[in-house]
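Work through the exercises below with the model open. Try each task before reading its solution.

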Amino acid sequence: RMSPLNGAMSSEVLQTIAASYNTCLIAHPLITKSITAFSLCSTGDLIAQKRAGTSTDIDWGRVCRFALKGVGSSLIWNCWYESADDVALDVLRPLSGTSEVSAPIRIGVAMLIDQFIWAPLAFGSYDIPVATLLNGASIRRVPSEIRSKLGGMLLSNAMVWTPANLIIYTVPPIYRVGTSNLVDILWQSLMADVAADCGADADVEEKSESRGVNIDADPQPVRQ
């Protein structure tokens with residue numbers, strides 16, 4: 001069991017780390033968010049590879065690709081978190097006819113916009129296309145990857161982030177990035193497998209097309 005003294009010291013250390021991180025966010029927001037995203041995405045992909053257990057060797061190329069994509073994705077979501085309150089209020093004010101909007105309604109509207117507008121745009125215009133291209137697939141592969149993966153990503157997003165956002169949207173915007181980081185490792189470990197699969201069978205398809213083979217006509221087609 002942890003003694004009261006050790007517990008107090010641990011709490012003080014955590015508070016110091018949190019305060020230092022928030023100071024870095026204020027003083028150097030872009031660098032801090034980029035380093036954080038790279039670290040979280042790298043960790044998430046390592047967890048995903050270990051969870052799969054298909055090989056004892058780590059695919060460091062995959063780790064780097066996912067981490068690089070994650071830096072851009074993080075900046076996109078940081079922009080949303082910082083502006084979510086204003087966007088929700090801009091939507092609600094004309095409907096309510098007043099500048100005063102209760103916090104639960106504001107949070108609910110922000111979460112709806114998050115799930116049904118911002119997430120589809122972010123996943124469909126950045127995450128899936130960039131992951132597909134980084135994996136070496138051609139740009140013409142992107143539309144089919146979006147169609148096959150966007151629905152599953154949105155479902156996962158709702159399952160993971162809906163309960164998390166109930167907390168995230170109640171804290172001040174400056175602390176939302178740090179709060180979301182607590183959930184982000186779990187999220188990135190789930191998305192790492194999706195990103196690694198984007199365009200994964202592009203080589204097979206391109207080779208078949210170059211030989212004049214119609215994959216769709218195959219009586220036992222390769223599952224996409």
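**Exercise 1. List the contacts of W161, leaving aside neighbours within four places in sequence.**

Solution. Contact means heavy atoms within 4.5 Å. With those neighbours left aside, W161 touches Y81, I168, S180, V183, D184 and W187.

A note on the input: this is a predicted model, where local features need pLDDT of at least 70, side-chain atom pairs count only at pLDDT 80 or more, and totals for chains, interfaces and linings use all residues. Residues are numbered from 1 along each chain as its sequence is written, and side-chain values use heavy atoms, with hydrogens and water left out.

**Exercise 2. Place N165: which helix holds N165, and is N165 buried or exposed?**

Solution. Start with the helix: N165 lies in α5. Helices are DSSP runs (H or I, at least four residues), numbered from the N terminus. Next, accessibility. N165 counts as buried because its relative accessibility is 4%; buried means under 20% relative accessible area, with a 1.4 Å probe and protein chains only. Last, the partners. Beyond four places in sequence, N165 is in contact with Y81, M111 and D114.

**Exercise 3. Describe the largest nonpolar core.**

Solution. A nonpolar core is a set of buried Ala, Val, Leu, Ile, Met, Phe, Trp, Tyr and Cys residues joined through side-chain atoms within 4.5 Å. The largest one has 36 residues. W80, F123, W161 and Y169 have the most contacts inside it. Two or more residues each come from α2 (29–52), α3 (60–96), α4 (103–134), α5 (142–168) and α6 (173–197). The largest share, ten residues, is from α4.

Key
Buried means under 20% relative accessible area, exposed over 50%, partly exposed in between (1.4 Å probe, protein chains only).
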